[in-house]
Amino acid sequence: MSMLRLRKECAMPQAPDITLVTPTAPIAVASHGGRAKCLQRLVRLDLPVPRTVVLSFDTVLGIAEGRVPDASLILSQFDDGVLVCVRPSSEDPDWGGPGAIMNVGMNDARRAALAAELGDDTAAGLYLRFVQTYAVHVARLDADAFDAADGATPQEGLRAALAAYEDEMEEPFPQDPGAQLTGVLRSMARAWQGTTARLLRQAKGAPADAGLGLIVQQMTLGMGPGNSGSGVMQLVDAETGTPQITGRYLGRSQGREALDAEADVLFLEKDARGPSLEEALPEAWDALKRHSELMRHRLREEMQAEFTIQDGEVFILDGVRVPRSNRAAVRIAVRLAEDGIIPREEALTRVDPRALSELLHRQVAPGAARDLLGRGVAASPGAATGMVVFTAAAAQAAAARDEACILVRRETAPEDIRGMHAAVAVLTERGGNTSHAAVIGRGLGLPCVVGASQMRFQTRRKQLVAPDGRIVREGDIITVDGSSGEVLLGAPTLVEPALDDAFQTLLGWADDVRDMAVRANADTPEDAKTARTFKADGIGLCRTEHMFFEEGRLTVMREMIFADTSEDRRAALDRLLPMQRKDFTRLFRIMAGKPVCIRLLDPPLHEFLPADKAGHRALAEALDRPLSEITYRVEALTEYNPMLGMRGVRLGIAVPEIYDMQARAIFEAAVAAQQDGAGVVPEIMIPLVTARREVELVKSRIDAVAASVRTRTGAEFDYKLGVMVETPRAALRSEEIAQHCAFMSFGTNDLTQMTYGLSRDDAGRFMGDYVQQGVFPEDPFHTLDREGVGELLSIAAERGRRARPDVTLSICGEHAGSPESIAFFRDAGFDYVSCSPFRVPVARLAAAQLAVSRKIV
């Protein structure tokens, strides 16, 4: 054990608020911070850690409020004349903290003593560095006041710095180490309590009253005349997580200077690119490797060691968890489990489920320059670069030319689907997390930023105006970062998605332990392929309306809408029947026996009609009808509040031929799939149900269609009929509705909208202010409102199962991909969740973490 730690082990009694780091000292993460606790663990491993004292959260809070402990008592824990370093220790290292301040205790006398040992220039350089740091961060002087020290020799620079300090402060630089330490402690404590620091850490998830500990550690200077220096070392690559010794070493240096230096830096292990520590100091290198491996195995984590070498002896100053990308986090967790350091269940809990979203999409490279144009709601993760277009037709034209484009709209509508498929990203002025653009973007894996209302969308002029006045015109190149909600000018460097072996291994372990199924919302065969790629347990929601917007189908759909008689409607629907049957057959074959839940047509019919005069003229020509008739019928179908109008089951009862055609297509597709060996039991879902009688009416017609198909084909097949619960009334009356259903799927997007009386498309305009002012703890369209909507779900689940114990309960809104919301659904007894295909991995890992946590409890 190093004499730096042994010396004065029992020197003098400690005050209650000052704790010497020993193996048995009362130090905890919750009271002293993660860095302090890690140092104690290193001491327990008998690693060469310099003598260290820690101050608790309460002590540091007291310092900020003016109750400063006796600095002489702290310094009495160290030998006379030593220099110390003060570092922050927050509960979570990601919350940050004030920067470390080194060489506290440096003064004229200490400089003279070090000059005899290290040389005049080295001693003056150490003193100069401390004077500048103390002046800027403790005395709060302007750094420009010390410009005279730049470029001068260490001794000349020191004289200039001391003179500048005295001139600015009207008193000499403090010579008493106790006074210096008091100033440093007070400065760091107050910096932590400052408004800016508070907001920054709260943005990273820290509570408002998060505490800070402070570490006072004896310095090993790394400046000796022998083999001395400092550096950092870790055993993995921080970006990829692959095993790789990473770090640098700089002779005659302190702290983390090696990371910033450009000259005289050594690689750690032998490297063809230049000299290494392994070659220069093989014994110190071997010790450093042993220490790093011991830290990894005993601390059960990939650690970054900050070290100093003083005359050939290695000291470990600090050990922190290796900062890592989300990709690296996955590989590190998997490797630690595969190496037997942690169990697989713990590896699952080491990765934030949301981090997986980043691995599925391109991202703006860390460190890439960002020319910010504006911000909006980060609605669908990933980043993409392309030229700006303002219409779906322009997007399709760009795709035909193999040109990447960003579709820019005030808000998207169903007729924009083809344009969204053609674009590489979507940007809208309006909308929130559950708006049309957001939902479809997540389903397609398309980066999407919505609600960018600070930017002006001048669609007629085909230009965007940024808040700073810059204008972006059609054809200009922008980048949409759906992970951060930022819109960037130009084309920053992007990094590719990382679905590597570690990703697949982790999710395989997740599937082994999770007890909740995860399905995907898939509207097309292409979506179904994506769902299979991400190993969804089936399709929980197929929105059939999106199939009608494909080329060659929309006109036929419009003919059906304009039909004057039931016979004419059937004639048009007969043309759509083979198209729907083909789609469903492909879905069943792709899913290969996994469950497929198909929602019957939901949106109001006017959404299939053009909204502008040019579209009216084109439709009149296509249907060979007068323009006036087209205009009249479009206006007649337009509703004041279409989301609460003629849609869902109401449309199915008013125009029953539509649901008849869809049911026939589903059953005929099931028969075709069975003939190919893909056994399937289709699940048919009735949307927007509010009353039992609605279910009875639709069920009787669907049963009749099933009987007709069985008779005509001679084939036997089973199917399940269920409802989509999207209204408060349906949730409250679930006991009587469940009697006629095999399953009940809760559409939490609309259920939240109707419970709050809040438009999900318009909420983005003020939701940020509501959350900031504490009206809502979170955006209820993003994280489930447990108190309101959650209570409705619990009531519905209890009443539904009371009437029919075997009824299957599921969630198919966007909340199904939220880890916090999934926890509620699991505890409430729901059987599965269904989310966008690209959120399936997130839900799989979240469900596994819940199973592990409940098992531990």
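Is D167 buried or exposed? Keep that one in mind while you get your bearings; we'll select this residue in a moment.

**The whole chain**

Start zoomed out. What you have open is a predicted model. Its C-alpha atoms fill a box of roughly 105 × 55 × 55 Å, taken along the principal axes. Switch on the cartoon view and you'll be looking at 35 helices and 31 strands. Of the 857 residues in the chain, 55% are buried.

**Stop one: D167 and its patch**

Now select D167, which sits in helix α8, a stretch covering residues 154–169. With a relative accessible area of 59%, D167 is exposed, because that value is over the 50% cut-off. Next, add D142, D144, D147, D150, E166, E168, E170 and E171 to the selection: together with D167, they gather in a patch of negative charge on the surface. Colour the group by charge if your viewer lets you.

**Stop two: R87 and a partner**

Time to go inside. Select R87 in strand β3, which runs over residues 84–90. R87 has a relative accessibility of just 7%, so this arginine counts as buried, the cut-off being under 20%. What does the side chain of R87 make a polar contact with? Show side chains and pick E306: the two side chains meet in a polar contact at 2.9 Å.

**Stop three: A179 and L61**

Hop over to A179 in helix α9, residues 177–193. At 37% relative accessible area, A179 is partly exposed, since the value falls between the 20% and 50% limits. Now select L61 too and draw a distance between the C-alpha atoms. The pair is 118 residues apart in sequence, and the line should read 19 Å.

**Stop four: two aspartates with a positive phi**

A bit of background for this last stop: most residues other than glycine have a negative phi. Select D402 and check the backbone. D402 is not a glycine, yet has a positive phi of about 60°. You'll find D402 in the loop that links α17 (392–400) to β15 (405–409), and this aspartate counts as exposed at 71% relative accessibility.

Then jump along the chain to D624. Where does D624 lie? Look in the loop between α24 (613–623) and α25 (627–637). D624 also has a positive phi, about 55°, without being a glycine. As for cover, D624 counts as exposed, with 71% relative accessibility.

Technical notes:
Residues are numbered from 1 along each chain as its sequence is written. This is a predicted model: local features need pLDDT of at least 70, side-chain atom pairs count only at pLDDT 80 or more; totals for chains, interfaces and linings use all residues. Side-chain values use heavy atoms; hydrogens and water are left out. Patches are made of residues with over 30% relative accessible area and no salt bridge: like charges are joined within 9 Å, nonpolar side chains (Val, Leu, Ile, Met, Phe, Trp, Tyr) within 5 Å. Accessible areas come from the Shrake-Rupley method with a 1.4 Å probe; for residues, only the protein chains shown count as cover. A salt bridge is a side-chain nitrogen of Lys or Arg within 4 Å of a carboxyl oxygen of Asp or Glu. Lys and Arg count as positive and Asp and Glu as negative; His and the chain ends are not counted. The place of a charge is taken as NZ of Lys, CZ of Arg, CG of Asp or CD of Glu. Helices (H or I, at least four residues) and strands (E, at least two) are DSSP runs, numbered from the N terminus. Buried means under 20% relative accessible area, exposed over 50%, partly exposed in between (1.4 Å probe, protein chains only). A polar contact is a pair of N or O atoms within 3.5 Å; within protein, one must be able to donate a hydrogen and the other to accept it, and residues adjacent in sequence count only if both atoms are side-chain atoms.
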